[in-house]
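User: I'd like to learn how to read the features of a model like this one. Could you walk me through it?

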Amino acid sequence: MNEHVTPEPDATPMMAQYLAIKAAHADYLLFYRMGDFYELFFNDAVRASGALDIALTKRGRHQGDDIPMCGVPVHAADAYLEKLIRKGFRVAVCEQIEDPAEARKRGAKSVVKREVIRLVTPGTLTEDSLLRPRAANILASLGRAGGDLALASADMSAGGFTVCAIEAGELGAELARLSPSELLVPDSLLADETLGTLLKSLGPALTPLPPVKFDSHAGERALKARYGVASLDGFGAFSRAELSAAGALIAYLELTQKGRLPALAPPSRVASNAFMSIDAATRRNLELTETLKGERRGSLLETIDCSVTAAGARELASRLAAPLTDVAMIAARHDAVGFFADDGELRRAMRDDLKQAPDIARALARLSVGRGGPRDLGALRDGIRCARALRDKLKLDDALKPPPGELRDACRALADGIAALSRLSGRLEFLLAAEPPFFARDGGFIVTGAHAPLDEARQLRDESRRVIAGLETRYRGDSAVPLKIKHNGVLGYFIEVTPQHADKLMTGAARETFRHRQTMAGAVRFSTDELATLASRIAEAGERALALELVLFEEMVTEAIQHAAELGTIANALAVLDVASALGELAVARRLVRPRIDRSLAFRISRGRHPVVEPALEHTHAGSFVANDCNLSPDGPGRLWLVTGPNMAGKSTFLRQNALIAILAQAGAFVPADSAHIGIVDRLFSRVGAGDDLAAGRSTFMVEMVETAAILNQATERSLVILDEIGRGTATFDGLAIAWASVEHLHERNRSRALFATHYHEMTAMAERLSSLACVTMRVREWNDTIVFLHEVAAGTADRSYGIHVAKLAGLPPSVVARAQEVLAALEEGREGHKPLARIDDLPLFAAAAPKSTTRASAVEDALRDVSPDALTPKAALELLYMLKSKLPPSP
């Protein structure tokens, strides 16, 4: 079946309508509303049925072929949408926009009017069922004007909107920081030699658009129209590239939301150097937000996340993804963490209150695009209530203990926001029920006594229902039949009796009162004029009550959207308070300390610990973590440490823990150490671990070299570099040469603070001529032909790699271990001037494999096996000795 199906003259009106709508949304799966189902046809049905694992059926014919069809229930559509979006599909949701009764007035063959009300894409989700509550959902846009590039990003579900000018070489790190669910790009950039490969690697997250969508002048007009301003100067001095990116993003939201834009904050400009640059490979190697297996559990984020709100969790993830480079801003965050770490009583009280705080930002986002309900208004009410309680607890007017650091701004935001929202808050408190329903169409969310006309309509409806209950009692008495008055959505109110009693209502005088409506297998249904009249009154009263509630709902939504900025301010403040108190809790629970951060080149960690491994060991009771020092400061032993030692000794753990300490420190958290002094790290590079990229045709060694090249080309003296076993993926001498040259480049050209782990012990000789290189080793102890890992870092070099010892611990067959020892001895002799290849060839192949013995046990051995020493008397033992002597073979 072709992707694009053309209509034919004899197509049914419904199919002609479907094909016209589909043609306008050819790149989307079309959810076409038919009653209680969204139906999909043609190739859409084939693709969706496979992705959703649902039945593929047929409906009619088109151009001589059967029309494939599948469908999903409207009430369960979100679950199916989630699966489709996760698998890379985009969906156009087409709804009926008129009542079928209105369509019938135009003629028997008239089709109900339908329109696409929304385009569902990865970056434009707002429903809780489609989002991860503790993770941001970023829509990003890459704009280009002239030779300049810029990235705009927005979280439609939370309201943030930023724009950043970048260099081409910074794009990878910026995309890694944002981790967008969807990236809009001009399709012309896909052919760019520099950017094309990187962009294509995003896969389903990439949305190419025509370059005209990124016109900077159109973008400027779109931004002015969106925010109702004549000039954007109040928001910042935007470059043409920034206007291109931001304007394309706004236009895309207008397209996908069909004109109902979310409550986005005005765009704010950020500088790319405001954050520590961490490329995608480094984030992956350090397992910041997910492990190498793709799981959140075991990552740094999961380990340190003590937040109690979804907004706080998203804020923490954002900080971890973008550590700051501004000393004053970092200090403000540390001040807030220290404030809560020092005041346990206040911290616990704050966290208890925060647990009651709903997700204001996402509730507001849903309301602003018309997908919210009374429950979301309740979230706004409860959020303002929580903000008020927290403001009172923080005692803003306490001159003896004012909130320090970023808490000062958060508290001021709470106070200003609460004051500005007093009218909205009062109205929500007065009108809304304690537990509002999800959907406005369900009604019942306005409290009794809040609105007199609504109370009157409800009273009429409820009084009519009581009349129906009395009517049922009267009909039972008059007819002597145990009947019941019931209600459903098709028949409305009806009288139901069992079949054996039906004849009494269809004969005699009862026949004049009761009219037969429906016969079923187990029941017969009737109606009466009186019941029909009452049903009409109830329906009218119910419809009027619901209509009044919907009017009040729309009024509250409109007022809430008008105060979107103040609500967003309170939401952000609550998230900041959650993060600060959570990190304070973490600092106390894990014995973390406040790091000293400045503009120097210092990197001095005293008794540092790994923030993930240490709690994992405590959780499994596998022992205590061994703390180690690291001093790469100018006044230390060297700014570049060459780390040697056997596998399993802890080299990689030591490297990673120092990188993670730097990230935590600049993200605003306390760190696992006795003390830490860190000069601002502008870029962090890590090449730890290895993996191939078969899809791109790159081997493990090629991936390693690409990552190493990025480090050597970009690292500065303010960077922190950790490299683990560079060169191990190729021949020994090639690998040694590459590692050697890389260390020289890091030392002489980059001049970065660096940790370089290697098994090439020959490299330790470099310490004699590289003044800022220091050699350290992981200590081990030999005991009973095995080794014990002490996990301690000490000055010096490893005397050997202990690779065969580790292989033995791993369970290699004894024959293989023994053979390896022989080969190693031969190789080491070769280093001393022998001919190693000839010496190894002299070793019998697999000589170490223990051959099966063919020698038969001796008579002495057979006799000893039957002896029980404990049962022997002295005389018997002497006789046994003579007997064994006699069984010995004669001497040669």
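Analyst: Happily; we will go through confidence, sheets and a pocket in turn. Keep in mind that this is a predicted model.

User: Then let's begin with confidence. What is the mean pLDDT of the chain?

Analyst: The general idea is that where pLDDT is low, the predicted coordinates should not be read in detail. Here the chain has a mean pLDDT of 88, with 94% of its residues at 70 or more.

User: Where does pLDDT stay under 50?

Analyst: One such stretch is residues 692-697, for which the model has six contacts beyond four places in sequence. Another is residues 845-851, with seven contacts of that kind.

User: Now the sheets. In what order do the strands of the sheet containing E1 run?

Analyst: In general, strands of a sheet pair through backbone hydrogen bonds, either parallel or antiparallel. This open sheet has six strands, ordered E3-E4-E2-E1-E5-E6, and its pairing is mixed. At the edges sit strand E3 (57-62) and E6, each of which pairs on one side only. On average, neighbouring strands are turned by 35 degrees against each other, direction ignored.

User: How many bridges join E1 to E2, and which residue stands opposite Tyr32?

Analyst: Strand E1 (residues 29-34) and strand E2 (residues 37-41) run antiparallel and are joined by three bridges. Opposite Tyr32, in E2, stands Glu39.

User: What does the sheet with E18 look like, and which helix packs on it?

Analyst: Four strands make up this open sheet, in the order E18-E22-E19-E20, again with mixed pairing. Its edge strands are E18 (596-598) and E20 (628-631). From one strand to the next, the twist averages 10 degrees. Helix H24 (residues 651-667) packs on the sheet and touches E18, E19, E20 and E22. The direction of H24 makes about 110 degrees with that of E19. Within the sheet, E19 (residues 603-608) runs antiparallel to E22 (residues 675-679), and four bridges join them. Phe603 has Ile678 in E22 as its bridge partner.

User: How do I follow a strand that pairs with two others, taking E26 as the example?

Analyst: Read each pairing separately, then look for a residue that takes part in both. E26 (residues 773-783) runs parallel to strand E21 (residues 640-644), with five bridges between them. E26 also pairs with strand E27 (residues 786-795), this time in the antiparallel sense and over seven bridges. Val776 links the two pairings: Val776 is the bridge partner of Val643, and the partner of Val776 in E27 is Ala795.

User: Last, a pocket. How much space lies in the second largest pocket, and which residues lie nearest its centre?

Analyst: A good habit is to take volume, lining and composition in that order. The second largest pocket holds about 1,600 Å³ of space. Its lining has 47 residues, and nearest the centre are Gly370, Arg371, Gly372, Phe439 and Arg441. The elements giving two or more residues to this lining include strand E5 (91-96) and strand E6 (114-120), as well as helix H21 (529-562). Helix H15 gives the largest share, six residues.

User: And how does the lining divide by class?

Analyst: The lining of the second largest pocket has 21 nonpolar, 17 charged and nine polar residues. E5 and E6, which you met in the six-stranded sheet, reappear among the elements of this lining.

How values were computed:
Residues are numbered from 1 along each chain as its sequence is written. This is a predicted model: local features need pLDDT of at least 70, side-chain atom pairs count only at pLDDT 80 or more; totals for chains, interfaces and linings use all residues. Side-chain values use heavy atoms; hydrogens and water are left out. Two strands pair if DSSP finds at least two bridges between them. On a 1 Å grid over the protein atoms alone, a cavity is a set of points where a 1.4 Å probe fits but cannot get out, and a pocket is an open set with protein on both sides within 12 Å along at least five of seven lines; lining residues have an atom within 4 Å of a point. Grid points are joined across faces, edges and corners, and a volume is the space filled by probe spheres set on the points. Ala, Val, Leu, Ile, Met, Phe, Trp, Tyr, Cys and Pro count as nonpolar, Asp, Glu, Lys and Arg as charged, and the others, Gly among them, as polar. Axes are lines fitted to C-alpha atoms, for helices over the stretch in contact, and angles run from 0 to 180 degrees between N-to-C directions. Contact means heavy atoms within 4.5 Å. pLDDT is the predictor's confidence in each residue, from 0 to 100.
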